[in-house]
Amino acid sequence: MVGFLDTLVFLEQDNNESQDVDNLVSFEKDWDKNKVMLLSNQPHHLISNISYRAAKPKSEERDYKTKSFELAQVVRATCLEIDEPSSDSYLKDVLGKYTKKWLERTHHHLGYPINSNFDYSVLGELNRFSINNVGDPFIEGGYGVQSRDFEIGVLDWFADLWEIKKDEYWGYITNGGSEGNLHGILVGREVFPEGILYTSKESHYSVFKAAFILRMKCIQIETLTSGEIDCNDLKKQLLQNKDKPAILNINIGTTVKGAIDNLDLAIQTLRDCGFSRDRFYIHCDGALSSIMLPFQDQVPRVTFKKSIDSISVSGHKFVGCPMPCGIQIARIEHMKELTNDHDYIATRDATITGSRNGHTPIFLWFALNRKGKQGIRTEVKQCLDNAEHLKERLKAMGASVMLNKASIIVVFERPPEKEFIKRWQLSCTGNIAHICVMPHVTSDKINEFVIELIEKRSTWYKDGGKQPPCVASDIGKENCVCPLHK
Ligand SMILES: Cc1ncc(COP(=O)(O)O)c(C=O)c1O
């Protein structure tokens with residue numbers, strides 16, 4: 001087995017106290033899904049070490065450090081059974097209850113990079129149609145209920161943003177940033193079948209998943225405290241593997257710290273190590289920030305004028321969309337290897353899936369038209385300002401905090417109370433938590449959160465008993481104000 005969960009362990013719910021990992025059931029090196037389901041009939045927590053590995057002999061692997069972490073509660077016991085035939089009033093009642101819950105959850109949402117500040121109510125009519133863009137967006141195909149005109153409009157908009165001519169790119173609207181990464185890395189692998197994938201250890205898991213699916217050798221590169229790729233380590237690894245082409249994933253905003261990898265330095269590093277342009281492929285994972293950087297001043301440019309080959313972005317993140325979606329754009333010259341013709345759909349397909357959501361291109365087209373470039377610029381500025389404001393408020397209350405340049409992800413010490421984390425849907429990694437200051441995270445919402453956090457901290461850390469965690473190794477000594485570093 002080449003990709004696996006190293007350890008999958010379960011434990012009973014335990015009143016929010018810390019977990020004793022040694023006492024847990026453990027399924028070493030194998031994941032029996034049936035067992036998971038069986039055990040998950042009761043509420044419990046999952047703790048897991050997950051690492052995706054490429055198919056390669058163990059001796060070639062770098063030391064992939066995996067951390068134990070707790071997954072959200074698995075609730076297999078509650079489900080909405082299909083109870084047919086159901087009355088309309090029952091269906092309405094259930095949906096009404098869920099709408100209430102979703103409204104509340106949307107209000108208290110801070111940790112994940114989605115933008116819930118949208119109004120697509122005028123697109124309600126679309127629900128009457130099964131819109132499907134199966135196959136290549138640039139070829140009409142046999143199925144007529146499609147939205148390719150909208151899709152190409154959106155692709156052209158992004159091509160213009162990232163500075164590639166219309167006849168020099170190929171792309172499509174994906175199901176999200178992960179699919180874009182899989183596609184970009186697949187294109188890189190097809191261009192260089194022998195290539196090695198390099199990506200920083202703070203990359204999104206979809207990059208490692210892509211390496212796993214594509215059975216590619218993947219080398220994790222160290223990061224700086226900011227979360228950026230460490231080009232010294234990149235150099236070391238490239239020099240050890242000079243005989244194989246390089247497929248490099250560059251993060252335009254890492255998931256946890258919003259760090260922007262130094263693209264120019266990475267390209268220079270490739271060249272310094274003897275990799276000429278015909279021996280490397282660069283995919284940019286720009287899930288959140290590749291739409292934001294072009295609207296900021298004095299930040300690194302994401303552009304096809306540099307030696308890059310593909311970029312992906314999520315559509316439901318900064319733009320905002322009720323359904324997951326994304327945009328993937330690659331240099332058209334690389335697509336030859338990947339394109340297949342299919343009789344059945346009377347078109348070609350170089351995408352990952354078969355049927356593709358034909359609604360999302362319309363939502364994105366609508367949003368981009370409505371906001372316009374000026375509207376997006378204004379939203380970007382507002383989010384950056386609000387992120388700075390949140391950082392200052394956290395600092396003022398005595399919390400450890402970091403905010404990278406050009407980022408809207410505010411990283412701070414992990415609150416010790418699970419209920420609080422859950423209430424605000426904070427995303428946590430080890431001792432740190434973060435808030436993505438997206439367009440719906442207004443200054444009023446920040447205020448509401450900060451007031452609650454101040455009150456909570458006064459109970460968590462009262463009388464000098466329990467102390468806030470040390471986060472120096474995560475965000476640097478200069479940003480850590482734990483008892484040791486303040
Ligand atoms: C850096 C990065 N890449 C990729 C993804 C995956 O995007 P999606 O959730 O749209 O698949 C994320 C999601 O948060 C991300 O932060």
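A residue counts as buried here if 20 or more other C-beta atoms lie within 10 Å of its own, as exposed if 12 or fewer do, and as partly exposed in between, with C-beta atoms placed from the backbone. On that yardstick, buried residues make up 39% of the 486 residues in the protein. The model is a predicted one: local features need pLDDT of at least 70 and side-chain atom pairs count only at pLDDT 80 or more, while totals for chains, interfaces and linings use all residues. Numbering starts from 1 along each chain as its sequence is written.

In terms of secondary structure, the protein comes to twelve helices and 17 strands, where helices (H or I, at least four residues) and strands (E, at least two) are DSSP runs numbered from the N terminus. Contacts (C-beta atoms, placed from the backbone, within 7 Å) reach well along the chain: of those with a separation of 6 or more, 71% join residues 24 or more positions apart.

Now for the inside. The largest nonpolar core (buried Ala, Val, Leu, Ile, Met, Phe, Trp, Tyr and Cys residues joined through C-beta atoms within 7 Å) has 101 residues, and Trp162, Ala266, Ile329, Leu364, Val410 and Val437 have the most contacts inside it. Helix 9 (residues 360-396) gives the most to this core, eleven residues in total. Domain 2 (121-370) and domain 3 (380-479) both give residues to the core, so it lies between them; the domain bounds come from an automatic or database assignment. Setting aside neighbours within four places in sequence, Ile329 touches a set of residues including Leu155, Phe158, Trp162, Tyr169 and Ile311.

Strand 8 (residues 246-251) is mostly covered, with six of its six residues buried. Ala246, Leu248 and Ile250 point one way from the strand, and Ile247, Asn249 and Asn251 the other way. Strand pairing (at least two DSSP bridges between two strands) links strand 8 to strand 6 (residues 196-200) in the parallel sense over three bridges, with Ile247 as the bridge partner of Leu197. Strand 8 also pairs in the parallel sense with strand 9 (residues 280-285), over six bridges, and Ile250 stands opposite Cys284 there. From strand 8 to strand 9 the chain passes through helix 7 (residues 263-272) in a right-handed β-α-β crossover, meaning that, with the strands pointing away from the viewer, the path from the first strand over the helix to the second runs clockwise.

Helix 2 (residues 88-107) is hardly covered: the count of buried residues among its 20 residues is zero.

Terms used
Two residues are in contact if their C-beta atoms, placed from the backbone, lie within 7 Å.
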